[in-house]
Amino acid sequence: MIAVHDLAEAKTKYSDLLGATFIDADWTGEPWGINVSIAWDAGIELCAPMPGREKNSAISQFLAHRGEGVMNVFFGVDDGEAAVERASALGYRSVNALDYTQDEIDQYLGGLFTRYQEFTLDSHKRCGFSITLARIDEKLTSAI
């Protein structure tokens, strides 16, 4: 996840650079005052403060102190619960978790997955960025 000031500008930059196709996912960031756009084909999530929330969004302090850049790294795991248990045993605490239902996946994530689960850890002080353990099972498509 990359924190940016201007979402439209960042989408253009990363689309041009990587050939990425972004899908707006503002519903995921609205509670935190951020606009979100995800490029599943490039594995990038861009986040920018919502208009009027530049000073008090979930990423405002990061942007103010560090500028634009990587603020969270997602690692794919096969078993979310087991991964967060390992992290806990090492002294990392899960500070945010989500586990979408298939209806939510179909509605918000274009039905691309059969499972979408995240555990964000309190790793910033120890690693310099947040770590999210993510189980994301792609929906298999049948070949014709």
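Let's start with the aromatic cluster. Trp-40, Tyr-100, Phe-113 and Tyr-116 form one cluster of aromatic rings. Keep in mind that this is a predicted model. The structure holds four aromatic pairs. Take Trp-40 with Tyr-116: the geometry is edge-to-face, with 6.0 Å centre to centre and 80° between the planes. An angle over 60 degrees is what earns the edge-to-face label.

Where do the two partners of that pair sit? Trp-40 is in the loop between β3 (34-39) and β4 (44-49), while Tyr-116 is in strand β8 (residues 113-121). They are 76 residues apart, and the pair links distant parts of the chain. Buried or exposed? Tyr-116 has 6% relative accessibility, so Tyr-116 counts as buried. Trp-40 has 29%, so Trp-40 counts as partly exposed.

One more ring, with a charge this time. The charged end of Arg-126 sits over the ring of Tyr-92. The distance to the ring centre is 3.8 Å.

Next, helix α1. It runs over residues 7-18, which makes twelve residues. From first C-alpha to last, α1 reaches 16 Å, close to the 16 Å expected at 1.5 Å a residue. Which residues of α1 are buried? Leu-7, Ala-10 and Tyr-14 are. Looking down the axis of α1, the buried residues fall within an arc of 65°, so they line one face of the helix. Here is the general point: an α-helix has 3.6 residues a turn, so residues three or four places apart point the same way. The face of α1 turned away from the buried side carries exposed residues: Ala-8, Glu-9 and Asp-16. And what do the buried residues of α1 pack against? The answer is β1 (2-3), β3 and β4.

Now the two ends of α1. At the start, a side-chain oxygen of Asp-6 comes within 3.1 Å of the backbone nitrogen of Ala-8. Just after the helix, Gly-19 takes a positive phi of about 70°.

Stay with β3 for a moment, because Asn-35 is in that strand and counts as buried, at 14% relative accessibility. Which residues does Asn-35 contact, leaving aside neighbours within four places in sequence? Leu-7 is one of them, and we just met Leu-7 as a buried residue of α1. Asp-26 is on the list too. The others are Leu-46, Cys-47, Ala-48, Pro-49, Met-50 and Pro-51.

A brief stop at helix α2, residues 26-29, where we find Thr-28. Not counting residues up to four places away in sequence, Thr-28 touches Val-36 and Tyr-100. Tyr-100 takes us back to the aromatic cluster. For scale, take Thr-28 and Lys-125: 97 residues apart in sequence, 25 Å apart in space, C-alpha to C-alpha.

On to helix α4, residues 80-89. Its buried residues are Gly-80, Ala-83, Val-84 and Ala-87. Down the axis of α4, they fall within an arc of 95°, so they too line one face of the helix. Turned away from that buried side are the exposed residues Glu-85, Arg-86 and Ala-89. What covers the buried residues of α4? The cover includes β7 (94-100), β8 and β9 (130-138).

The ends of α4 again deserve a look. Asp-79 caps the N-terminal end: a side-chain oxygen lies 3.2 Å from the backbone nitrogen of Glu-81. After α4 comes Gly-91, with a positive phi near 95°.

Back to β8, which holds Thr-120. Thr-120 has a relative accessible area of 13%, so Thr-120 is buried. Its side chain makes a polar contact with the side chain of Thr-132, at 2.9 Å. Which residues are in contact with Thr-120, leaving aside neighbours within four places in sequence? Asn-72 is one. Then Arg-93, Ser-94, Val-95 and Asn-96. Then Ser-130, Ile-131 and Thr-132.

Last residue: Tyr-108, in helix α5 (residues 102-108). Its relative accessibility is 34%, so Tyr-108 counts as partly exposed. The side chain of Tyr-108 makes a polar contact with the side chain of Gln-107, at 3.5 Å. Tyr-108 and Val-4 are 104 residues apart along the chain, and their C-alpha atoms are separated by 22 Å.

Terms used: Residues numbered from 1 in each chain as written. Heavy atoms only, no water. Phe/Tyr/Trp six-rings, centres within 6.5 Å; stacked < 30°, edge-to-face > 60°. Helix = DSSP H or I, 4+ residues; strand = E, 2+ residues; numbered from the N terminus. Buried < 20%, exposed > 50% of the residue type's maximum accessible area, 1.4 Å probe, protein only. Lys NZ or Arg CZ within 6 Å of the ring centre and 35° of its normal. Contact = heavy atoms within 4.5 Å. Expected span 1.5 Å × (residues − 1). Arc of directions from axis to C-beta. Polar contact = N/O pair within 3.5 Å; in protein donor to acceptor, adjacent residues only side chain to side chain.
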